[in-house]
Amino acid sequence: MLKTFAKTSLVTATVFLFTGCFSQSMSTPSYSESSVVKENQKVQVTKQHIQIAEDMQRNVTTQSTLEGTINSLATQMMRNKKMDTSKPVLITSFVRLDNFKKTTEFGRIVSESMINEMSNRGFNIIEYRGQMAVSINEKGEYFITRNPYKLKDQVPNTYVVVGTYSRQFGKVMLNARVIDNITGKIISSSRATYLHNKRNDCILFKDCRPARTIKIIKEK
């Protein structure tokens, strides 16, 4: 009887010991297993970020009209909470990416439209091109000018909106930044792609080559 009880106790203890070790091995993953779990979590988070970026590209940054492109730029700027809407904002002409001193009618249209978009969103836009007086001639009355001698010497502490554009095949890529003119810090930024799908955008930028001409001469 005693021997049977001892055998039964030994078998029970062995079973409990084995079960405990097994459950412990199941509940506590090894170092290699935990590292795999962590890496997998990183991959899944990265995939979610990529999906968000693709969604933003489809619905926010890529536009098929110039009006939609400008609206996208202004909306992205507005979403940045660091911008103080009460601080004066000065908007400059968008320039070519490869030449910061050269713009076109396209660049001027974008900047003029940005004035409208950001003003309607509550930003304190200032017109720094205003002359010291209104000039008049027989063709009309004028207040804004690009003549530096007719403008004020200084502007107050402001944000400055600068932008660049780059012509690509079938599209124009635009980038805009809001810069604090005192510290030089970038307060906000935005980017957009105007997908015009034109094979040749020279009509858009008004720089098409003149049509080839043939000289007509008198036959001898």
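**Strand 7 and its partners**

Let me begin with strand 7 and strand 8, the latter covering residues 171–180: these two run antiparallel and are joined by 10 bridges. Please keep in mind, as we go on, that what we are looking at is a predicted model. To give you one position to find on the screen, Gly163 has Ala176 in strand 8 as its bridge partner. The two strands form a hairpin with 2 residues between them, and in that turn you will find Gly170, whose phi is positive, at about 80 degrees.

Strand 7 has other partners too. Strand 2, which spans residues 88–91, pairs with strand 7 in the parallel sense over 3 bridges, and here Leu90 has Val160 in strand 7 as its bridge partner. Strand 3, made up of residues 95–96, also pairs with strand 7 in the parallel sense, in this case over 2 bridges, and Arg96 stands opposite Tyr165 of strand 7.

Now, why can we say that strand 7 is largely enclosed by the rest of the structure? The reason is that, of the 10 residues in this strand, which runs through residues 159–168, 7 are buried, and so the strand is largely enclosed.

Let me finish with a single residue, Thr193, which is found in strand 9, residues 186–194. Is Thr193 buried or exposed? Its relative accessible area is 12%, and because buried means under 20%, Thr193 counts as buried. If we leave aside neighbours within four places in sequence, Thr193 is in contact with Thr61, Thr62, Gln63 and Thr69, and also with Lys171, Val172 and Met173.

Technical notes. Residues are numbered from 1 along each chain as its sequence is written. This is a predicted model: local features need pLDDT of at least 70, side-chain atom pairs count only at pLDDT 80 or more; totals for chains, interfaces and linings use all residues. Side-chain values use heavy atoms; hydrogens and water are left out. Buried means under 20% relative accessible area, exposed over 50%, partly exposed in between (1.4 Å probe, protein chains only). Helices (H or I, at least four residues) and strands (E, at least two) are DSSP runs, numbered from the N terminus. Two strands pair if DSSP finds at least two bridges between them. Contact means heavy atoms within 4.5 Å.
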